[in-house]
Every structure is written in C-alpha cells, then in structure tokens.
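Me: I am new to this structure. Please take a close look at one part of it, the strands and how they pair.

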Amino acid sequence: MTAQIEPDKLGDSDNIVYSLKEVATLEGHSDRVWAVAWNPVQRVIASCSADKTVRMWSYNRSGGREDNGEDGSSKAVEFLPATEITTGHRKTVRSIAWSPSGKNLATASFDSSVSVWERLEGDEEEGESLGEWECVSTLEGHDSECKSVAYSNDGGLIASCSRDKSVWIWEVQPEGDFECLSVLMHHTQDVKCVAWHPREELLASASYDDTIILYVDDPSDDWFPFTTLSGHTSTVWSLAFSPCGSLLVSASDDRSLRIWKREPKMSIVGPGQSVRIGAGTSSVTGGKWDIGLVIPNAHDRSIYSVSWSKSLRASKEVESSGNTRDRGWIASTGGDGHIKVWQIEVDDECKVSHKLITDLENAHGVADVNCVAWSTLEPGLLASAGDDYSSKIWSISG
C-alpha cells in the first residue's frame, strides 16, 4: 500500500490554534531525566533519571480560575514533591511504567534488570507524602541495557526490551512473582521501545534496525511476530497506539512520524492459521497493518518520544457521539527541543490526515527533550523530561 505523504505543514500558521503554557517545573534529579509517567489512578507523576533514582510528585487542582480558555479543561494545578526511590539500580534508570491499577511501578535500567515497586503496606499517605516503596521483584535475564518497559492493558503482562536485541514478556503472578513467558529475538539490532495495544494483548516493539514488529500470542504455542512494519530509514525511537487502538504512531531518527493503520482481517492466532474470535476468549485480532500517513521533517532533529491521547473535545464527549473522524492528539519531541502537538483525523474513506496545532520551541532551554506523556486523569496536561535535569508540566489551551 502506498503511503499518504502529507506536505510539510510546519510553516502553515493557520493550523497553530493552540498553545502550551508551562504549569510547573519538577526539579530534584542530579542528572538527565529520561522519562515521565502519570499514575493512571492516583494524582501522582513519576520521573526516572541517569542519577539512578525515581522521583514522585503529587498534584491537585486549586479553586482558582480556569486556564484553558474555551475548553475549560484546566484550573490551576499544584505539584508537590512526594517521595524518592533510590532504586538500587547500578546504572541509569531509562524507563518507567505504572501498572493499570496504579499500585505498582516498573523501572528498566541500563544495569540490564527490571524492578517492580510497591508502596509498603500500611504506609499510608501523610499529607503529600507517598511513603516508602519496596522492590517486590527483580526481573533478570537481559544481557545488556534495558531500554523500555510497559504493562499490558489489564496489568497481567510486562514487556521489556534491551540492547541485546530481545523483547521479553513476563506474566504477573500472585505474591509479587513473575514468570517469563517468551523471549522474542526477531530484531537484528538494539530494541528501543515496547508498547502495548490499549485494549488487546498485542505488543509492538521498535528498534535500531529501523523496523517495528507486532506480536500476538498463540494460545497453543508461544508469542510470535505476525508482521514487520518497514519504511523508516533510521532508528525508531518511540511508539504509541491511538486511544481507539486502530492506529500506531512511530517516531524516528529520520525526523519523520509515521502513522500505521489497522485493516481488520481474519483473526490471527498462529503462523499461517486463522479462526473466528469469539467473545470471552483470550485470543486477539492481529489484523493487517499498513502505512496510513507519513509526516516528513516533523522535527529538525531526531524524534525521541511520542504520546497519544484523546483531544480535549473528544475527552468531554460520549464515545458514540461527536466527531467520529477525530482520532486524538499526538505529542512529539526530540533533539531539536520542540514539543509539537498534531491533530489526527480519519475520514469516511479511511484516509488519515494531520494538522500541527501547536509548536513550542526551547521547551527545556537548549537541552534535548527525551520524553513527552499525556496525563490519563487530566485531559490537556502534558509532561516532558529533559537533559536539563528537570521535568515540566504543560497545559494546552486554545
């Protein structure tokens, strides 16, 4: 399928209808901040750093006036330091991920291990403090630096990836135990990122080999790659599924964003096999994925991170109503220090289109920006992490 390559819209000021306003700067790390992650249940955000620690902040809305203009989605938000986890990792903590329950935090480190953390039982919150956290399990097996970690949509699985070219899938068991279900060795180079589908047990991985691989589970055998997405001409740094799960965005060292779309086919459960998927089964639909849109020169330098959320308007509407073309907003960032937000739509003929709706320069001064993440509890709030040792919180308005 031929990709829909849209013209460069960066100079089209008519599309810049929103702005990003800085809400808070979160400081405390003593080295570059690699990633930020919003707790999906509690009003907490965590960050990880080359200083080997994880820091958490709690946040609450004040009773002040609304900040987000016509959308009215954000009043003043106050962030307060809550706790620090020293982790015990011997090297950089590169990635963090909350479980869907919000009770556990996974950390992936350059020391080749993944640790899973839980707040000590009975250590209740006192004021803004989140108390002490303990490591309930350490997942070992990778031979080199761990680059990314992610929980599946139901919290039953963890995926990790590494410079050793592998993707590992772990099953979460009672009593803080984990069982390795699969070791996937299908990339030819360093694996940079893993991302789970928001509704299914479908996993995506991105690599230094310029490709993206999608995996599903064969209930009678093992996890397997059912397709490889090629098109980027350099390292693929980051992945994010759309909230509806029918689209996947990839960000690359080639400075482009690519949006892949799912074309529903017969359900895949094994290599060369297809069966009807019935209600109540644990099988997932792999389907066929093709390129839907290429945004060339989306940034001036490498794009390190993407995050996808519903638009403010969609967040306020019932799913069955409103603009059915609206597929939400993608935030992107990278080595050029810009944070950009793209509005994505799909028309009645399944054509994917985009608009650049905001472009913030020098988000972390002259420093690279390593990560962006939309809040799951607060539509319109965006977090970023930079080489300037800080994380920042932004509110989008228009």
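Reply: Here is a walk through one sheet, then a strand pair, then a lysine in a strand.

This is a predicted model. Start with the open sheet. Four strands make it up, in the order S14-S15-S16-S17. Their pairing is antiparallel. Strand S14 covers 191–196 and strand S17 covers 223–229. Both stand at the edges with a single partner strand each, so one side of each has no neighbour in the sheet. On average, neighbouring strands here are turned by 25 degrees against each other, direction ignored.

Now look at one pairing in that sheet. S14 is joined to strand S15, residues 203–207, by five bridges. The two run antiparallel. Cys193 has Ala206 in S15 as its bridge partner. As a general rule, strands of a sheet pair through backbone hydrogen bonds, either parallel or antiparallel.

Move on to strand S24, residues 303–309. Six of its seven residues are buried, so the rest of the structure largely encloses this strand. S24 pairs with strand S25, residues 326–334, over six bridges. This pairing is antiparallel too. Trp308 finds its bridge partner in S25: Ile330.

Last, turn to Lys261. This residue sits in strand S20, which spans residues 257–263. Lys261 is buried, yet it has no salt bridge. Why is there no salt bridge? The nearest side chain of opposite charge is Glu263, 4.9 Å away; a salt bridge needs the charged atoms within 4 Å, so this pair does not count. Lys261 does have a polar atom of its side chain 2.6 Å from the backbone oxygen of Cys350.

Conventions:
Residues numbered from 1 in each chain as written. Predicted model: local features only at pLDDT ≥ 70, side-chain atom pairs only at ≥ 80, totals over all residues. Heavy atoms only, no water. Buried < 20%, exposed > 50% of the residue type's maximum accessible area, 1.4 Å probe, protein only. Lys, Arg positive; Asp, Glu negative; His and termini not counted. Polar contact = N/O pair within 3.5 Å; in protein donor to acceptor, adjacent residues only side chain to side chain. Pairing = 2+ DSSP bridges. Axes fitted to C-alpha atoms, helices over the stretch in contact; angles between N-to-C directions.
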